[in-house]
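Subject: Structure handover

Hi,

Here is the structure we talked about. Please open it and read along with the notes below.

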Amino acid sequence: MTRVLLFGRNGQVGGELVRQFEQRRPGRSNGEPARLQLPRDQPAYELTVLDRAACDLSDPDAVHAAIAQARPQVIVNAAAWTAVDRAETEQEACRRINADAPAAMAAAARDSGALLVHYSTDYVFDGRASVPYRESDPVGPLGAYGRSKLDGERAIAATGCAAVVLRTSWVYGMTGQNFLRTMLRLAGEREELGVVDDQQGSPTWSRSIARGTLHLLDRHAHDPASWAGISGLYHATASGSTTWFGFASAIFELAPGLARRPRLRPLTTADYPLPAPRPAWSVLDCGLLQARFGLVLPAWRDALSECLAAGTPNS
Ligand SMILES: NC(=O)c1ccc[n+]([C@@H]2O[C@H](COP(=O)([O-])OP(=O)(O)OC[C@H]3O[C@@H](n4cnc5c(N)ncnc54)[C@H](OP(=O)(O)O)[C@@H]3O)[C@@H](O)[C@H]2O)c1
């Protein structure tokens with residue numbers, strides 16, 4: 001049984017991670033049968049989950065205390081400051097969550113011999129490329145959020161702890177604040193919608209990220225000897241890419257039961273100014289993830305279709 005400590009249980013990815021871990025829960029100690037029949041070689045997890053009330057990540061001492069108390073073998077950090085525009089005016093607060101807290105987790109992981117799994121972002125790149133970014137490509141974040149996430153990546157690497165850092169992009173799901181839910185809400189309110197059509201990226205379902213994370217944990221969490229070999233930075237997004245306009249078009253095409261579908265109008269980034277600049281090209285090459293873990297996240301349209309059909313969790 002591998003002890004896992006999860007930060008960020010109420011986030012898009014954190015919530016899906018809880019579901020994935022729950023599905024691997026063995027029978028309770030009172031002899032109740034397992035809720036799911038697990039393959040014999042699938043390791044089970046003892047999961048401790050923390051939300052902001054249980055551990056405020058703006059306090060590094062609280063992070064150390066939470067880890068000392070849970071004594072995890074694996075730490076999964078799905079918590080982050082994700083308010084990209086607000087980060088521009090609250091840079092220090094954002095930095096504390098996205099750089100200082102992961103640094104504290106990584107130091108604790110190094111000192112206790114735990115594995116850290118952490119998430120980062122496509123916004124570490126400046127978006128001037130035209131082919132998918134590899135992990136080794138030069139970074140150049142355009143805004144405070146991207147800078148804070150990059151600082152987090154670097155702080156983790158600097159500790160030398162065992163860590164798998166997954167850069168993902170354009171995260172959506174049926175819970176939390178995301179583009180999919182905004183589009184579904186606006187469908188009921190607007191006849192016509194303008195959507196940016198000159199930023200290219202890979203919409204990635206939070207559940208695909210959680211499933212991918214468990215794919216690699218199932219293979220490695222129980223085998224500390226393998227952690228040095230897998231430690232590093234990986235791109236982990238849905239396969240394929242589109243623009244926000246293309247994503248919106250697919251949402252309105254695939255969403256079941258919409259009373260009406262707004263007419264979509266393509267916009268340029270200049271038509272829709274926001275406080276934080278976004279990279280025009282956010283597509284990540286996920287070949288290393290495939291080579292190292294045999295893991296390919298589903299194509300973005302397939303995942304969107306499954307997400308829409310699944311509805312809200314537990315529905
Ligand atoms: N969202 C995207 O489009 C996107 C794109 C690329 C990469 N990523 C990365 O993917 C990861 C998961 O993102 P997500 O979309 O699942 O994030 P999310 O839905 O915004 O959830 C973030 C979680 O972090 C928690 N949190 C924030 N500040 C905290 C604090 N001071 N103390 C404790 N917890 C705190 C939030 O708690 P509350 O619920 O209490 O607010 C929330 O549960 C992050 O590393 C993010 O940077 C996201």
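First, a term. Rings of Phe, Tyr and Trp (its six-membered ring) pair if their centres lie within 6.5 Å; planes under 30 degrees apart count as stacked, over 60 as edge-to-face and the rest as tilted.

This is a predicted model: local features need pLDDT of at least 70, side-chain atom pairs count only at pLDDT 80 or more, and totals for chains, interfaces and linings use all residues. Residues are numbered from 1 along each chain as its sequence is written, and side-chain values use heavy atoms, without hydrogens and water.

Aromatic rings

By the pairing rule there are 10 aromatic pairs. Tyr-123 and Tyr-145 make an edge-to-face pair, with 6.2 Å centre to centre and 85 degrees between the planes. Tyr-123 sits in the loop between β4 (115-121) and α4 (144-159), and Tyr-145 is in helix α4, so the pair ties together parts 22 residues apart in sequence. Helices (H or I, at least four residues) and strands (E, at least two) are DSSP runs, numbered from the N terminus. Both tyrosines are buried, meaning under 20% relative accessible area with a 1.4 Å probe and protein chains only (exposed is over 50%, partly exposed in between).

Phe-179 and Trp-244 are tilted, because their ring centres are 4.9 Å apart and their planes are at 50 degrees. Phe-179 belongs to helix α5 (residues 179-187) and Trp-244 to helix α8 (residues 244-254), so this pair ties together parts 65 residues apart in sequence. Phe-179 is buried at 18% relative accessible area. Trp-244 is buried too, at 14%. Both belong to one aromatic cluster with Trp-170, Tyr-172, Phe-247 and Trp-300.

Cavities

A cavity is a set of points on a 1 Å grid over the protein atoms alone where a 1.4 Å probe fits but cannot get out; lining residues have an atom within 4 Å of a point. Grid points join across faces, edges and corners, and a volume is the space filled by probe spheres set on the points.

There are two cavities of 30 Å³ or more. The largest holds about 60 Å³. Its lining includes Tyr-123 and Tyr-145, along with Glu-88 and Leu-142.

The second largest holds about 40 Å³. Which helix gives the largest share of its lining? Helix α6 (residues 206-220) does, with four residues. Of the 15 residues in α6, 13 are buried. The expected span is 1.5 Å times one less than the number of residues. For α6 that is 21 Å, and its end C-alpha atoms are 21 Å apart, which agrees.

Best wishes

Terms used: On a 1 Å grid over the protein atoms alone, a cavity is a set of points where a 1.4 Å probe fits but cannot get out, and a pocket is an open set with protein on both sides within 12 Å along at least five of seven lines; lining residues have an atom within 4 Å of a point.
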